[in-house]
Amino acid sequence: VSIELMPMLVGVVVAALVGLFAIKALQWLIKNDKLYLFGYYCLILGALTLICGLVELFAGQTIPQMIGG
């Protein structure tokens with residue numbers, strides 16, 4: 001199996017930058033006593049995930065299949 005170096009390096013750099021941003025954002029939330037915002041984010045994302053999963057379960061196909069993708 002051959003892996004190209006450039007796409008792998010770009011992936012590593014992007015993942016590192018996004019990870020660093022996420023850590024800094026979480027530190028800011030904690031420092032400014034706004035961790036409840038992260039809780040709301042998790043609640044909304046979790047609800048959307050459950051809704052999508054139930055829609056897919058009852059429809060018998062994935063959401064991309066439903067929208068023609």
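A residue counts as buried under 20% relative accessible area, as exposed over 50% and as partly exposed in between (1.4 Å probe, protein chains only). By this scale Asp33 is exposed, with a relative accessible area of 66%. The model is predicted, so local features need pLDDT of at least 70 and side-chain atom pairs count only at pLDDT 80 or more, while totals for chains, interfaces and linings use all residues. Residues are numbered from 1 along each chain as its sequence is written, and side-chain values use heavy atoms, with hydrogens and water left out.

**Overall form**

The chain holds 3 helices and 0 strands, in the order α-α-α along the sequence. Helices are DSSP runs of H or I with at least four residues, strands are runs of E with at least two, and both are numbered from the N terminus. The radius of gyration of the chain is 18 Å, whereas a compact globule of 69 residues would have one near 11 Å. That radius is taken over C-alpha atoms, and the globule rule is 2.2 Å times the number of residues to the power 0.38. Along its principal axes, the C-alpha trace spans about 45 × 45 × 20 Å. Of the 69 residues, 1% count as buried. The chain has an accessible surface of about 6100 Å², and carbon and sulfur atoms account for 76% of this area. Accessible areas come from the Shrake-Rupley method with a 1.4 Å probe; for residues, only the protein chains shown count as cover.

**Helices α1 and α2**

The expected span of a helix is 1.5 Å times one less than its number of residues.

| Helix | Residues in helix | End-to-end C-alpha distance | Expected span |
|---|---|---|---|
| α1 | 27 residues | 39 Å | 39 Å |
| α2 | 25 residues | 36 Å | 36 Å |

After α1 comes Asp33, in the loop between α1 and α2 (35-59). Asp33 has a positive phi of about 55° although it is not a glycine. Most residues other than glycine have a negative phi. After α2 comes Gly60, with a positive phi near 80°.

**Surface patch and aromatic pair**

A nonpolar surface patch is formed by Val1, Ile3, Leu5, Met6, Met8, Leu9, Val10, Val12, Val14 and Val18, which together have about 1100 Å² of accessible area. Patches are made of residues with over 30% relative accessible area and no salt bridge; like charges are joined within 9 Å and nonpolar side chains (Val, Leu, Ile, Met, Phe, Trp, Tyr) within 5 Å. A salt bridge is a side-chain nitrogen of Lys or Arg within 4 Å of a carboxyl oxygen of Asp or Glu. Val12, a member of the patch, is in helix α1 (residues 5-31) and counts as exposed at 52% relative accessibility.

The structure holds 2 aromatic pairs. In the pair of Tyr36 and Tyr40, the ring centres are 5.9 Å apart and the planes stand at 80°, so the pair is edge-to-face. Rings of Phe, Tyr and Trp (its six-membered ring) pair if their centres lie within 6.5 Å; planes under 30 degrees apart count as stacked, over 60 as edge-to-face and the rest as tilted. Both tyrosines, Tyr36 and Tyr40, lie in helix α2, 4 residues apart, about one turn of the helix. Tyr36 is partly exposed, at 46% relative accessibility.

**Distances between elements**

Ile63 belongs to helix α3 (residues 63-66) and is partly exposed at 26% relative accessibility. The C-alpha atoms of Ile63 and Cys52 are 7.5 Å apart, with their positions 11 residues apart along the chain. Gly19, in helix α1, is partly exposed at 29% relative accessibility. From Gly19 to Met66 the C-alpha distance is 33 Å, and they are 47 residues apart in sequence.
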